[in-house]
Amino acid sequence: MTGAGDIMPAMGTAFSLYGWLLQLGRGVLRWVLGWWLVVFIGAQLAVLAFSPSSYRRETRGVVLRHLYNAAGPGLPGFTTLMALFNVVVIRIVVVTAFAYGLTQYALDAVVRVLVLELIPLVAALFVAVEYTIPSGSELYKLRRGGGFQAMRAQGVDPLSREVLPRVLGGIFAVLLLALVSCVVSLVLAYIAVHGFTWAGVASYNHAVGTIFNPVVSLIFGMKTVLFAVAVSLLPMANALRDLPRRASRTSVELQGLVQMFVLMLVIEIASLVGNYY
Amino acid sequence: MSSSAPGSPPPEPPPPALPEPAAPGLPADPADPAEPVPPATRRSLRSLELRAALLLLFMALLITGAVLYLMWARGAFEATQKLYLTTDDSEGVSVGMDMSFSGFPIGRVSRIELAEGGTVRIHVEVPVKDAHWLRISSVFTLEKGLVGAARLRAFTGILDDPPLPPGSERMVLRGDVSAEIPRMVADARDVLQNINRLTAEESALSGAMRELRGFTTRLNSEQGGLLAAVTGNEADARRVSELLDRGNRLLKSLDAVALRVDGVVRKADAQVLGQDGLVPDAQAALRQLNALLQDARQTVVKVDAVLKEVQGVAGNAREATVNLGDLRADVESSLRKIDALITEINRKWPFAPKEKEVKLP
């Protein structure tokens, strides 16, 4: 931009606009390249994930260990926390519905708010904070420390040895935590509405069956899987590239987190549009 | 993997070094020598893997269970029969909504389509185990309240009717509260207009109220009070007052008359019912009359006996009369014989008559 200004100083404004456009174009290009990289790495990982060679004897152990490290330690704590949170939210919704004489909609509201919307989101965020972002950071350090080169020198593909297990672990953790919390939440909702009795099971099953129609179930499943992929893939992909320096020099983790939030927001909006329009 | 990005690096700024730039001058924490895997024994690794496998198995079970549960809750494993409902407007009806009977869901809308003739055809799946609640006389309604979704309901009045056959087609009766609102508002507007007209300045009600007010004013006025208010003027009120006075006097004199009549009645009472009154005399006279009548009855009995005897005498006299007839006939025949004898004698000579002549008239 400044170079252009030197050449034609009389048309400063026009050239500053040119410079601004140039900068904008570069920014957009960088942004597109960044996302392209994420998508490219994701495609590579998908290929690796579906190829049996990734699960050979030596790598299978690594994958299993990462699966457990991602989901196992956080499962009891997260389930307990979500159960408490569920109890509070269910209570609020049920009491409000009673107060307005809309009891018949209480269960519907509870299941829609908790199971369909909140739990997948919270599970994804939990796994991101608890596992994938630290794991991505670890990967970044490994790469910067030359670990990948060392691996290659030993004839080991770092992508299938280090990256794929982490991504699979993250996806698995999100799905497992969300699923367990959904089951717990459904049970708690039943108890909150009907109490400790079997009398309401038939009507409860019917209500749940009505809410989870094929479209809603499909959107719910897709949303949860996309959350899991987003939460797992983005930190790893960011660890595999050097993000351009910015003025604030935010850390890799933070930039990855922001990117992840944006992606999750897009997924959530898309699912809401699919569910309610 | 690493080589992907260099595609079109922007010219000026240092290209965003994409993966694996051999980690040159980054001030990465050097105190972090790549520690790839924490040292772990083979046994602990095996147990970790085992736990991971268990988690995988758990998740597979959860997913399978959730899918099966949802399919079961949506009635995927239930035998159903079809019911077609037709209506003229599908507003409020949605695929998946329930059809309830006595508050219990017994069917689910599976499809809505536009049928021939512009009507709406609603396909309802009714589980076979609940289908016995629907009879051929069942009625189906679609109600739309102010709050909440529309409700499809079935009513069965006679549960002894034959069951509704599968694939039946029925009309839906619509009850729409929100559709009633405009009509209600129009009615309310009419009522308000009527009230407005009633309470207007020149309305009959207003005139009546004015009259009433005039009446009460007259009622409260000093001149005449209620009477003046009723009669309309003071003179009439005075005349009414005089009338009342005269009536009062008349009542007093009537009172005196009544007293006098009372005395007369008392005297008459004494004369008629007293000790020497009419009634005891009359009673004695009646007693005597009774005795006389008894005597008369005895006399009549005697006369009766006499009459019987007279009857016997008369019978005898009748017989005597009959005998007298016979006697007379005998005498008559004897006389005729004598007459014939004399005639015979006369015809004989010397007793024959001298001349026999026939005189012609």
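## Handedness of a helix crossing

A crossing is right-handed if the near helix is turned clockwise from the far one by less than a right angle, and left-handed if anticlockwise. That term suits α4(A) and α7(A), which cross in the right-handed sense. Keep in mind that this is a predicted model.

## α4 against α7

Helix α4 covers residues 74-99 of chain A and helix α7 covers residues 158-194, with axes that come within 9 Å and cross at roughly 35°. On the α4(A) side, the touching residues include Leu75(A), Phe78(A), Met82(A), Asn86(A), Ile90(A) and Val94(A). From α7(A) come, among them, Leu176(A), Val180(A), Val184(A), Leu188(A) and Val193(A).

So what classes of residue does the contact of α4(A) with α7(A) divide into? There are 15 nonpolar, four polar and no charged residues.

## α4 against α5

α4(A) also packs on helix α5 (residues 106-144) of chain A, the axes coming within 10 Å and crossing at roughly 150°. That angle makes α4(A) roughly antiparallel to α5(A), since anything over 145 degrees counts that way. This crossing, too, is right-handed.

Phe78(A), Met82(A), Phe85(A), Val89(A) and Val93(A) are among the α4(A) residues here, and they meet a set on α5(A) including Ala109(A), Leu114(A), Leu118(A), Val122(A) and Phe126(A). By class, you get 17 nonpolar, two polar and no charged residues. Phe78(A) pulls double duty, appearing in the contact with α5(A) as well as in the one with α7(A).

## The course of α5

α5(A) isn't straight throughout: there's a bend of about 50° at Ala128(A). What about its end-to-end span? With 39 residues at 1.5 Å a residue, α5(A) should span 57 Å, and its end C-alpha atoms sit 53 Å apart, which agrees. After the helix comes Gly146(A), with a positive phi near 85°.

## α3 against α7

Helix α3 (residues 57-71) of chain A is another partner for α7(A), packing at an angle of about 40° with the axes 8 Å apart. The two are therefore oblique to each other, and α3(A) passes α7(A) in a right-handed crossing.

The α3(A) side includes Glu58(A), Val62(A), His66(A) and Leu67(A), while α7(A) offers Arg161(A), Pro165(A), Arg166(A), Leu168(A) and Phe172(A), among others. This contact has 11 nonpolar, five polar and three charged residues. Leu176(A) and Leu177(A) of α7(A) touch α3(A) and also take part in the contact with α4(A).

Methods: Residues numbered from 1 in each chain as written. Chains lettered and ligands numbered in written order. Predicted model: local features only at pLDDT ≥ 70, side-chain atom pairs only at ≥ 80, totals over all residues. Heavy atoms only, no water. Axes fitted to C-alpha atoms, helices over the stretch in contact; angles between N-to-C directions. Helix = DSSP H or I, 4+ residues; strand = E, 2+ residues; numbered from the N terminus. Parallel < 35°, antiparallel > 145°, perpendicular 65-115°, else oblique. Contact = heavy atoms within 4.5 Å. Nonpolar A, V, L, I, M, F, W, Y, C, P; charged D, E, K, R; others polar. Expected span 1.5 Å × (residues − 1). Bend = angle between axes of the 7 residues up to and from the residue.
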